[in-house]
Amino acid sequence: MAGFVIRRVLGGIVILWLISVITFLLFFLVPKTLGSNPAILFAGRSPSEAAVAAVTKKLGLDDPLVVQYWNFLKGIFVGRHYNAGPDTTYCPPPCFGYSFKNSQPVWDEITRALPITFSLALGAAVLFLVSGVGIGILSALRRGQLIDRAAMTLALGAVSLPVYFTGLVMLLLVSYEWRLFPNIHYVPFLDNPLLWARNLLPAWIVLAFLYSAMYARLTRASMLDVLGEDYIRTARAKGLPEHQVVGKHALRAALTPVVTIFGLDLGSLLGGAVLTETTFGFRGLGKTSIEAISTGDLPTILGVTIFAAGFVVLANILVDVFYAVVDPRVRPT
Amino acid sequence: MAVPVMVEPTERPPSPSARPVAGRSLWRIAWSRLRKDKVALASGAFVLLVVLVAVFAPALTALAGTTPDEPNYDLLNPINAMPAGSFGGISADHILGVEPLNGRDVFARVVYGARISLLVAALATLLSVVLGTAMGLISGYVGGWIGGLIARLMDLLLAFPLLLFAIAIVAVIPDSAFGLGGNTLRLFILVFIIGFFSWPYIGRIVRGQVLSLKEKDFVAAARGTGAGPIRIMVHELLPNLVAPILVYTTLLIPTNILFEAALSYLGVGVRPPTASWGDMLATAADGLFRVDPMFMIVPGVAIFLTVLAFNLLGDALRDAFDPRGGG
């Protein structure tokens, strides 16, 4: 078991490293080969040639790509020095460089955005896990009946709705028409937990509407698969009461794939619910990277993307480990 | 020369009852189930309608006497530049109203938006089906470290913060590259990115099917006659994969429509003035939807209905091809 976990963690580190290489190459090579200069972006609007040269030197944009990448990695783990003649800046670890836009450390931007994304993702996750799995189980147990068909029709409708459209409709109704949630903006949990929840609730509902539909469909399918298994028939034949057959035997097996998908979804949500954050104007990781993209702020894009990928890889590892704990058959792989 | 071992389904001996029994291939069973499925027929018809609308967009808008790009400032309220009249300026000339700020015909823009949506989704799906089928076949049939590597790659891509990555890639590509420029380049990039990130959906299905199919006798028989791996993959396995590939292709198209709309919504799709549904919603999201909700509702409903129709059709196809299903 310990060996399995170590192998998975090492595998995850390799994947993360690969992602960092690919992302780095993409963001530093593509503008270079296609003829746009990151230094110009950094130096501000219509900079002088001297300013561009200074920025190029300071950021080390003239160095070979391998050196640039090495410095980038070094920055993350041990920090790095930016030298431009007399003025030297030390960027402490974890250093993802400085924003081209406002010259602030990218790490500060990430830590600022992180609580927002966490609040959004975790609140929505609680909602959609409870409602989605609940509806899925109920649908499976009442297969073909009115409640099942109604729930599945609704779920198919919900997965066909773009989250930004439901978000806009939600905003229009609860925030502007009925004024139940006026002036939605992020309030830190520690400042005012009530206001925090009140301002996030519409976004939670919008995200949870989509995800609970997906989870209801998934749970139902998985539950129906399990309920058709021989051992369930055996359990019933032994005379176990139905609530024990379902609760003890079927549910455990049926929820394993649900937990797998949940781990991955949570990982990618923590990496930034881009569309929801953009629609509701929450400056979490997703919206931050969208803003960075529209301003050509490469270090911020790079930092947030790698950070987001980190969540996904971490989620992958946790899911694999969870699987190994629940189902010993997967361990050797 | 290897001889294809696929045997045509043999006619059964005549049953005692006088009624002759028709050969019931998977396709025939599926078709007979689909024919009875009203939801499937309705969604199929709607999909066809949307495709026709997209193909004949110029004729359709000409028929309605509108164009997608022509501004109509006279139809706007001069005070706030919102459509004059109720429900976003709906009138006999502009059946879905006009756009705020510039008065362009919403009907024409939605119809033209269908072109972008379907074109990108269809081409991207084609790309991912080709890639996914090839990778799934190789990963499943060849196995070994190559197969394992491809399988891990698919897991990785499926679990990736796709949207973020896709946006970032689109963003770093400048206005002209690879000898292309403007919206041609952007369409090309959209297709490539969406296709590249969604092939693992197909790949994983194909791989799973191949893993179980390759143990079957007909594959062993083909191998026995001296067929090489490529011949087995293409001539023996592929024909058996057409049904699942068809089903998941139908389910991938709506996913890709949503993907394209999301990219356009985030401002990395085709550039205005070319109409796209996501871009219309983005324009509406920028404060306009509070004053003129119709302008948000029309493209939103267009996305919803199109995606829903494809989803319903895909679900129906899956049920129809399900060997465990009744009927």
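## Helices and an annotated segment

Helices here are DSSP runs of H or I with at least four residues, numbered from the N terminus. With that in hand, let's look at this predicted model. Over residues 185-206 of chain B, the chain is 100% helix and 0% strand, and 31 Å separates the C-alpha atoms at the two ends.

That stretch is one of those that the UniProt record, an unreviewed entry, annotates as "transmembrane region" in chain B. Another is 116-141. Residues 116-141 of chain B are likewise 100% helix and 0% strand, with end C-alpha atoms 37 Å apart.

## Where chain A meets chain B

The contact between the chains brings together 38 residues of chain A and 37 residues of chain B. On the chain A side, the elements giving two or more residues include α1 (2-33), α10 (242-270) and α13 (298-326). Of these, α13(A) gives the most, with six residues.

What is the chemical character of that side of chain A, sorted into nonpolar, polar and charged? The residues divide into 24 nonpolar, 14 polar and no charged.

## α13(A) and its partner α5(A)

Within chain A, α13(A) also packs with helix α5 (residues 106-141), at an angle of about 50° and with the axes 9 Å apart. Because of that angle, α5(A) counts as oblique to α13(A). The crossing of α5(A) past α13(A) is right-handed.

From α5(A), the residues A:V106, A:E109 and A:I110 meet A:P299, A:T300, A:G303, A:V304 and A:F307 of α13(A). This contact comprises five nonpolar residues, two polar and one charged.

Definitions and conventions:
Residues numbered from 1 in each chain as written. Chains lettered and ligands numbered in written order. Predicted model: local features only at pLDDT ≥ 70, side-chain atom pairs only at ≥ 80, totals over all residues. Contact = placed C-beta atoms within 7 Å. Nonpolar A, V, L, I, M, F, W, Y, C, P; charged D, E, K, R; others polar. UniProt positions renumbered as here; feature names shortened; annotations may be inferred. Axes fitted to C-alpha atoms, helices over the stretch in contact; angles between N-to-C directions. Parallel < 35°, antiparallel > 145°, perpendicular 65-115°, else oblique. Left-handed = near helix turned anticlockwise from the far one by under 90°.
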